[in-house]
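Work through the exercises below with the sequence and the model side by side. Try each task before reading its solution.

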Amino acid sequence: MQRRHSIFFFSVIAVFAVSMLAGTSGVQAKAIQISFMHYFPAKHFVHTKVAEPWTRIVEKESNGKVKFTLYPAAALAKPPDFFDAAVAGSVDIIIGYSGYTPGRFPVSDVFGLPFMGYTSTMCATKTFNELWSTVPEIEKEWRALKILWFGSSAPTQLHTKKRAVKRLDDMKGLKIKIGGKTAPYLKALGATPLSMSSPEVYDALAKGVIDGTIYPWEAIHGWKLGDQVYYHTWLNLYAEPFYVAMNRDKWKSLPPDIQKLIEKYGGDYGMQLWAREWDIGNNEALDWLKNDPKHTVITMPASELERAIELERPHYDKWFKDMKQKGINGPALLNKVRRLAKKYAD
């Protein structure tokens, strides 16, 4: 009888131990939840070809330790508030756009000055990533977040609804949507700049609030502008950096193996993924415009573009003055950007 009691006792202990181990295993297996927000529509290629594939590969490589929740279309904050939302921890990872926060990254703003010579998204993206990694004053501006990688927009062009812009004088009187801090660049060329977020542009064109917009070619498909603007003028006016970044406290809370995994698929991998898909989307939209009889792609005479650069000179001088007050050699840094753009030109 005593032996039976002993067997029963040890059986109970064994079952309890197995249950405890199973419970512990369940806790360990619970996935780390990471929120990831951007402002592009869910059908935009930044969502379908960049954000979704990137999160899927990290989830897969983590063996289920990480689970992302994607929030497209600025679901958790307005685009100008993205940086602050990520710093505060309202969202873990963001794809932000520096053009929405004028004045926040004054040294980095050299990248977005007009007519810097970018020929593609890859060219611009590699240029800014090298700037960030080699210029301490630029790197310092981004320390509030854990940078996973930088991207760029493709060089921006002019898209108008009713008037073909073949020369600079054709811009006079046109109301054109452009990013806040780049508005003076457009004004210098004779147009009237208006600032609004990308999701507002389609309706503004449809209602006649604006006559056109400044965007890369990809916006024709990405923001469905092809049935609102019909004249498209090559400008390569500017590009602005996008940043894929994480809240620092969230980053520090991740196990070392997950940090290593995210860094593996950040950096050069993320940069290449971003730039490759942007250039594919950009080139597809341009090819479509060239082959659609309702659309006209216009190239200005070289003399007009040379005149445009001269008209922008006060903006270079203003930035030089601002940098001098910070003890930074502005002309040298601007020349570095142009050398890098030439180095990475297609």
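The exercises go from the whole chain to one sheet, then to a helix that packs on it and to the core.

This is a predicted model, in which local features need pLDDT of at least 70 and side-chain atom pairs count only at pLDDT 80 or more, while totals for chains, interfaces and linings use all residues. Residues are numbered from 1 along each chain as its sequence is written, and side-chain values use heavy atoms, with hydrogens and water left out.

**Exercise 1. Describe the protein as a whole.**

Solution. Begin with the secondary structure: the protein has 14 helices and 11 strands, where helices (H or I, at least four residues) and strands (E, at least two) are DSSP runs, numbered from the N terminus. Next take the extent, since the C-alpha trace spans about 105 × 50 × 30 Å along its principal axes. Then turn to burial: of the 346 residues, 50% count as buried, meaning under 20% relative accessible area, with exposed set at over 50% and partly exposed in between (1.4 Å probe, protein chains only). Finally, among contacts (heavy atoms within 4.5 Å) between residues at least 6 apart in sequence, 77% join residues at least 24 apart.

**Exercise 2. Trace the five-stranded open sheet and find its edges.**

Solution. Strands of a sheet pair through backbone hydrogen bonds, either parallel or antiparallel; here two strands are said to pair if DSSP finds at least two bridges between them. The order of the open sheet is E2-E1-E3-E10-E4, and its pairing is mixed. Its edges are strand E2 (66-71) and E4, each of which pairs on one side only, and the twist averages 20 degrees from one strand to the next.

Now follow some of the pairs:
- Strand E1 (residues 32-37) runs parallel to E2, joined by six bridges, and Ser35 has Thr69 in E2 as its bridge partner.
- Strand E3 (residues 93-97) pairs with E10 in the antiparallel sense over five bridges, with Tyr97 opposite Phe242 in E10.
- Strand E4 (residues 145-152) is also antiparallel to E10, over seven bridges, and Ile147 has Ala245 in E10 as its bridge partner.

As a last step, consider the cover of strand E10 (residues 241-247), where seven of the seven residues are buried.

**Exercise 3. Which strands does H10 lie across, and which residues of H2 and H10 meet?**

Solution. H10 lies across E1, E2, E4 and E10, running at about 15 degrees to E4. Its axis and that of helix H2 (residues 45-61) come within 10 Å and cross at roughly 145 degrees, H10 covering residues 256-265; axes are lines fitted to C-alpha atoms, for helices over the stretch in contact, and angles run from 0 to 180 degrees between N-to-C directions. On the H2 side the contact is made by Trp54, Ile57, Val58 and Glu61, and on the H10 side by Leu261, Ile262, Lys264 and Tyr265.

**Exercise 4. Locate Trp54 in the largest nonpolar core.**

Solution. A nonpolar core is a set of buried Ala, Val, Leu, Ile, Met, Phe, Trp, Tyr and Cys residues joined through side-chain atoms within 4.5 Å. The largest one holds 103 residues, of which Trp54, Met171 and Ile262 touch the most other members, and its largest share, seven residues, comes from helix H11 (residues 267-291). Not counting residues up to four places away in sequence, Trp54 touches residues that include Phe36, Ile93, Leu148, Ile262 and Tyr269.
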